[in-house]
Amino acid sequence: MSAALPSVIIAGYGCVSPLGIGREETVQSLRTSRDSISPVRLFAVEGCQCRSAGQVDESLTERASAIARKTRRWTRSAQMVACALDEALRTRPGFRPDCIVIGTTSGGMSRGEDFMRAMIRKEGEVSTARRIRDYVPHQPILQAMRLFGFNAPVRVISNACASGSNALGVARQLIRHGHARRVLAGGYDSLAELVFAGFDCLRAATPEKCRPFDEKRSGLCLGEGAAMFCLEAEEHDIGIRLAGYGSAFDAHHLTQPHPSGRGPRIAMERALADAGFEASRIDYVNAHGTGTPLNDSSEGRAILDVCPQAPVSSTKSMMGHSLGAAGAIEAAICTMALEEGFLPANINFRQGEADLPLDIIANEIRPTIPRTVISNSFGFGGSNASIILSTP
Amino acid sequence: MKAQIIGLGWVTPLGRDLQTVYQSVLNGRKPVTSPVPESNNQQVYRVPADTIADALALPRLRRSSAISHFAVAAAIDAVAQAGLTEEQLARTTLIFTASDGGVIYTRRFYGDVVEHGPGSGSPLLFPETVYNAPASHVAGTVGLSGEVLTLVGDSSTTLSALNMGVEALQMPDVDFCLIVASQEMDWISAEAYDRWGLINGEAPEAACFSEGAAAIVLAQEGKGLAEIGLSHPGLSYGTSDEVTRSLLAIFDQISPPPDLIISSTSGTHFDQTEELAYQEAFPGVPAISPKMSLGDALSASSLQHVILGTLFIHHGIHRRILIPVAGFNGQASALLLTESTPQTDSVIA
């Protein structure tokens with residue numbers, strides 16, 4: 001049966017993250033394993049334990065404005081989507097999606113914060129309908145698709161930090177099962193005060209360096225960004241394929257993974273089954289790797305159960321955790337790794353845990369030519385998603 | 001692609017029992033309005049607390065918000081009516097939809113940040129502000145382990161979720177799909193929607209802002225209470241003219257015409273776009289606006305309309321029901337319900 005289903009290829013993509021606006025800047029940052037975490041400049045963080053994050057370059061507004069001047073009034077999320085989508089469409093000219101599937105956790109939260117702040121402080125008259133409208137999570141993709149003249153159906157998935165990978169996976173299913181030939185898929189999230197304060201109050205964010213899989217890791221750094229993919233059905237075995245998708249729900253706890261790693265393990269196994277690949281074929285694991293003690297031990301166990309031979313890195317160590325955008329951005333990074341022939345680094349790594357003997361790509365890229373990679377994304381609420389990318 | 005509707009559950013300001021609420025809507029009964037706590041006396045429809053006493057007693061929901069309580073209560077009823085076994089639940093996908101999510105905890109959490117500084121947020125509140133928290137509680141309570149997705153967007157998102165659910169039934173490892181939509185009430189969202197013009201607190205003929213939930217179980221096979229005869233993924237729009245055009249394009253796929261339209265109109269200026277479309281495509285077909293009885297609970301209302309339509313068909317009152325939704329922000333869609341026409345042996349006990 002699976003032989004009759006079309007492959008899903010990445011016909012074009014665009015990426016905005018703290019590592020760079022666009023593919024070229026991002027590849028350069030990855031090659032040099034650049035640490036892009038910096039003090040938060042977008043809002044006050046006094047009183048927070050963590051005061052740094054991965055932030056997209058300050059030229060964002062100008063770069064978006066070069067696409068269309070009206071983007072100056074848009075939220076940062078919408079500006080990031082515009083830049084990523086513009087790049088994706090330049091790499092795949094003429095692409096018109098049958099459907100759009102996007103992941104996000106907080107969308108235009110900054111406008112929601114403006115409104116809530118004004119209302120809580122009884123300054124309600126300053127808040128207009130536009131501010132409220134821009135708050136809704138799907139507004140950034142709606143603005144961007146109108147900019148590029150699309151009217152396709154939009155599905156906005158909000159599965160916490162797994163959203164971006166879920167979006168790509170759902171897009172793959174749409175194409176594989178004949179519901180669409182071309183799907184625009186991706187994710188976006190911008191740094192927001194509310195979310196930053198949330199992770200800080202949970203003591204999930206670290207005041208130190210983010211050190212995924214290090215024995216002395218102390219938490220995550222938040223980030224932001226967007227990535228957009230032009231996915232197409234392809235009967236022939238050409239190009240980079242979105243080869244597999246698996247998801248699993250873990251009811252253990254709203255914010256904590258089961259220590260055994262069962263949710264991540266099932267997601268990875270389902271992705272492999274969907275792709276029809278043996279685990280030994282995995283050349284690289286782009287880990288969810290937030291740097292929190294609980295995530296990394298749970299995920300590490302799952303990786304050791306499923307593909308213990310595979311080199312592992314968390315690129316969040318360089319750019320922070322962009323939540324609903326993370327899965328899409330990391331899929332873009334995996335695509336770059338497949339295209340360029342290197343494995344991205346897990347920076348700030350000193351020593352791993354004795355009972356988690358993972359092959360961590362420590363601090364520097366590893367030159368090699370991967371053919372099959374798996375990217376993991378796990379989130380609050382027990383959401384676990386894995387996607388597999390491969391070359392022919 | 002078709003799907004059978006085999007389980008229903010709803011939590012509304014008029015109650016939770018399917019038949020009682022159904023009869024109340026038929027009789028034109030309206031809930032009693034009450035003011036939103038801490039608001040400027042905005043009158044809305046609330047769900048009576050005793051309606052969801054069973055959900056409130058669940059240990060998992062001890063710290064959760066109303067949106068999760070409503071969602072879980074509706075889901076429990078829908079799954080019970082469908083009679084799904086543990087084995088069948090393992091082959092069930094959950095798609096939850098929300099328009100603004102856990103707004104009560106979000107406003108309380110951010111209120112602390114605004115009033116007392118960024119380091120003062122409560123770790124008990126924050127996890128429940130995440131959009132997929134209700135989906136997690138539903139899945140954990142009813143015992144799901146497969147794909148669990150949360151879709152966010154305007155009230156048309158529920159029809160997108162149903163479309164996605166129908167598609168999901170084609171997956172080799174999925175036999176059932178549980179669709180849940182839920183909406184909770186807070187003064188800040190009531191204020192926001194009022195300013196936006198989505199609810200019209202001033203006009204006596206307009207629907208009240210409301211809270212509640214709905215849940216539906218879909219199956220690929222067997223005889224259901226009704227059948228989804230056409231499920232459209234929706235079309236995006238930028239202007240109000242495009243809403244009408246989008247709906248007309250979807251209505252073009254519907255023949256013969258429906259014998260009832262369950263409209264998403266609520267007495268605001270958004271109504272005209274939808275009314276124009278169905279009056280042009282299906283002149284003379286009667287239309288009802290359940291939001292006048294149940295209030296406007298955004299994405300939850302859309303699923304409540306599907307339940308109402310299912311009950312109309314199940315009771316033999318109508319045979320083909322069109323449910324259009326002109327979402328307030330960006331998307332329009334429609335769904336056609338018909339009598340169940342099973343193709344294979346029943347899977348319903």
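**A walk through chain B and its partner**

Hi everyone, let me start with one residue: leaving out anything up to four places away in sequence, Y193(B) touches L198(B), I199(B) and F209(B). Keep in mind that this is a predicted model. For F209(B), which sits 16 residues from Y193(B) along the chain, the C-alpha atoms of the two are 8.5 Å apart.

So where does Y193(B) sit? You will find Y193(B) in helix α8 of chain B. Is Y193(B) buried or exposed? Y193(B) has 23 C-beta neighbours inside 10 Å, so Y193(B) counts as buried. Y193(B) has company there: in α8(B), which covers residues 187–196, I188(B), S189(B), A190(B), E191(B) and A192(B) are buried as well. Right after α8(B) comes G197(B), with a positive phi near 90°.

Now let's step back to the whole of chain B. The domain assignment splits chain B into domain 1, residues 3–219, and domain 2, residues 226–338. Taken over C-alpha atoms, the centres of these two domains of chain B are 20 Å apart. How many residues does each domain bring to the contact? Domain 1 of chain B brings 50 residues and domain 2 of chain B brings 42. On the domain 1 side, the elements giving two or more residues are β1 (3–11), α1 (18–26), β4 (92–98), α7 (157–168), β6 (176–183) and β7 (212–219) of chain B. Of these, α7(B) gives the most, with seven residues. By class, this side of domain 1 of chain B has 26 nonpolar, 19 polar and five charged residues.

Next, the largest nonpolar core. The core has 256 residues, and the members touching the most others are A227(A), A74(B), V180(B), A213(B) and I216(B). Which helix gives the most to this core? That is α3(B), residues 66–82, with eleven residues. And because domain 1 (3–219) and domain 2 (226–338) of chain B both give residues to this core, the core lies between them.

Let me stay with α3(B) for a moment. The axis of α3(B) comes within 9 Å of the axis of α6(B), residues 133–142, and the two cross at roughly 35°. The crossing of α3(B) and α6(B) is right-handed. On the α3(B) side, the contact uses I67(B), S68(B), A71(B), V72(B), A75(B), I76(B) and V79(B). From α6(B) come A133(B), P134(B), H137(B), V138(B), T141(B) and V142(B). Sorted by class, that contact has ten nonpolar, three polar and no charged residues.

Also in α3(B) is H69(B). H69(B) is buried, because 26 other C-beta atoms lie within 10 Å. Beyond its neighbours within four places in sequence, H69(B) is in contact with I52(B), A55(B), L56(B), L61(B) and S64(B).

Finally, over to chain A. A227(A), which we met in the core, has contacts including Y13(A), G14(A), C15(A), A84(A) and I329(A), leaving aside neighbours within four places in sequence. Between the chains, 52 residues of chain A are in contact with 53 residues of chain B. Chain A's side includes two or more residues from each of α4 (109–120), α5 (129–135), α6 (139–147), β6 (154–157), α8 (193–201) and β9 (241–249) of chain A. By class, that side of chain A has 28 nonpolar, 15 polar and nine charged residues.

Thanks for listening!

Key:
Residues numbered from 1 in each chain as written. Chains lettered and ligands numbered in written order. Predicted model: local features only at pLDDT ≥ 70, side-chain atom pairs only at ≥ 80, totals over all residues. Buried ≥ 20, exposed ≤ 12 C-beta atoms within 10 Å, placed from the backbone. Helix = DSSP H or I, 4+ residues; strand = E, 2+ residues; numbered from the N terminus. Domains from an automatic or database assignment. Contact = placed C-beta atoms within 7 Å. Nonpolar A, V, L, I, M, F, W, Y, C, P; charged D, E, K, R; others polar. Core = buried A, V, L, I, M, F, W, Y, C linked by C-beta atoms within 7 Å. Axes fitted to C-alpha atoms, helices over the stretch in contact; angles between N-to-C directions. Left-handed = near helix turned anticlockwise from the far one by under 90°.
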